[in-house]
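Here are my comments on the structure, set out as numbered points. Please read them with the sequence and the coordinates open beside you.

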Amino acid sequence: GIFDDFDVGVTIRFMEGSHDHISAGFELRFDGDKGDYVFRISAQGTFQVGWHKAKEWGDTLVGWTTHPSLRTEMGAANRLRVVLQGNKIRVYLNGVLATSLRDERYSSGLVRVVVSPYSKKPNTVVAFSDLQLREVDR
C-alpha cells in the first residue's frame with residue numbers, strides 16, 4: 001500500500017558478493033514515475049541517502065559515509081531503520097542515530113527492499129530479516 005509517515009526497519013546480512021560493491025536497503029515513498037528516497041548500507045561499513053528522479057538517479061543527500069556502528073564482516077547482521085515524518089528524515093544504524101535531515105521531495109509511496117548490484121555473476125546474496133513497518137503520527 002501507499003504510506004506517508006512511518007518507521008521502517010530491517011536487519012541486513014551480506015552473505016555473498018563483492019565486498020567492495022555490495023549494498024542493500026530501502027527505496028521509500030516510491031511512486032514509480034515521480035521517484036523515491038534511497039537508503040543503503042554497504043558491506044564496507046558505509047551508508048548513503050539519496051533520491052531517484054523517476055527511474056534515474058537524482059542526487060545524494062548524504063554521500064557514502066563510514067559509520068562506526070556498522071559491522072563489516074560478511075554475514076554480520078546490521079539493522080537499518082528509517083523514520084519518515086512529514087519532511088523530517090531520521091536514519092538509525094544498529095540503534096544509533098546516523099543522520100537527521102529535512103527534504104520536501106516525496107510525501108508518500110510504497111516501501112521497497114533493494115539490493116545493489118543486481119548481478120548473477122558473481123553471485124550477490126543478501127539476507128533480510130525482521131522487517132518492521134509502523135505508522136508514525138505527525
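A residue is called buried when its relative accessible area is under 20%, exposed when it is over 50%, and partly exposed in between. The model is a predicted one, and the points below should be read with that in mind.

1. The open sheet. Five strands make up an open sheet, in the order β8-β7-β6-β1-β10, and their pairing is antiparallel. The edges are taken by β8 (96-102) and β10 (125-135), and because each of these has a single partner strand, one side of each is left without a neighbour in the sheet. Averaged over the neighbouring strands of this sheet, and with direction ignored, the turn of one against the next is 15°. As general background, strands of a sheet pair through backbone hydrogen bonds, in either the parallel or the antiparallel sense.

2. The pairings around β6. Strand β6 (residues 77-85) is joined to strand β1 (residues 6-16) by eight bridges in the antiparallel sense, and within this pairing T11 is found opposite R79 of β6. With strand β7 (residues 88-93), β6 shares six bridges, again antiparallel, and here L80 is placed opposite L93 of β7. The connection between β6 and β7 is a hairpin with two residues between the strands, and G86 in that turn has a positive phi of about 60°.

3. From β7 to the edge. Strands β7 and β8 run antiparallel and are joined by six bridges. In this pairing L93 stands opposite V96 in β8, while L93 also stands opposite L80 in the pairing of β6 with β7.

4. The nonpolar core. The largest nonpolar core holds 27 residues, and F39, L80 and V82 are those with the most contacts inside it. At least two residues of this core are supplied by each of β1, β2, β3 (35-42), β4 (46-53), β6 and β7, with the largest share, five residues, coming from β1. In soluble globular proteins, nonpolar side chains tend to be buried together.

5. A buried salt bridge. How many salt bridges does the model contain? The count comes to six, and one that deserves a look is the pair D5 and R29, whose closest N and O atoms are 3.2 Å apart. Because D5 lies in the segment before β1 and R29 in strand β2 (residues 23-31), this pair ties together parts that are 24 residues apart in sequence. Are the two partners buried or exposed? D5 has a relative accessible area of 5% and is therefore buried, and R29, at 1%, is buried as well.

6. A salt bridge between β10 and β6. The side chains of D130 and R79 also meet in a salt bridge, at 3.6 Å from N to O. Since D130 lies in strand β10 and R79 in strand β6, the pair ties together parts that are 51 residues apart in sequence. R79 has a relative accessible area of 21% and so counts as partly exposed, and D130 is likewise partly exposed, with a value of 45%.

7. A third salt bridge to inspect. D103 and R105 form a salt bridge in which the closest N and O atoms are 2.8 Å apart. D103 has a relative accessibility of 10% and therefore counts as buried, whereas R105, at 37%, falls into the partly exposed class.

8. Positive phi values. Most residues other than glycine have a negative phi, and two residues can be checked against this background. A54, which is not a glycine, has a positive phi of about 60°; A54 is placed in the loop between β4 and β5 (56-66) and is partly exposed, with a relative accessible area of 31%. D130, another residue other than glycine, has a positive phi near 55°, and the place of D130 is in strand β10.

9. The nonpolar surface patch. V113, V115, F128 and L131 make a nonpolar patch of about 300 Å² on the surface. The elements giving two or more residues to this patch are β9 (110-116) and β10. V115, which lies in strand β9, has a relative accessibility of 33% and so counts as partly exposed.

Conventions. Residues are numbered from 1 along each chain as its sequence is written. This is a predicted model: local features need pLDDT of at least 70, side-chain atom pairs count only at pLDDT 80 or more; totals for chains, interfaces and linings use all residues. Side-chain values use heavy atoms; hydrogens and water are left out. Two strands pair if DSSP finds at least two bridges between them. Helices (H or I, at least four residues) and strands (E, at least two) are DSSP runs, numbered from the N terminus. Axes are lines fitted to C-alpha atoms, for helices over the stretch in contact, and angles run from 0 to 180 degrees between N-to-C directions. Patches are made of residues with over 30% relative accessible area and no salt bridge: like charges are joined within 9 Å, nonpolar side chains (Val, Leu, Ile, Met, Phe, Trp, Tyr) within 5 Å. Accessible areas come from the Shrake-Rupley method with a 1.4 Å probe; for residues, only the protein chains shown count as cover. A salt bridge is a side-chain nitrogen of Lys or Arg within 4 Å of a carboxyl oxygen of Asp or Glu. Buried means under 20% relative accessible area, exposed over 50%, partly exposed in between (1.4 Å probe, protein chains only). A nonpolar core is a set of buried Ala, Val, Leu, Ile, Met, Phe, Trp, Tyr and Cys residues joined through side-chain atoms within 4.5 Å.
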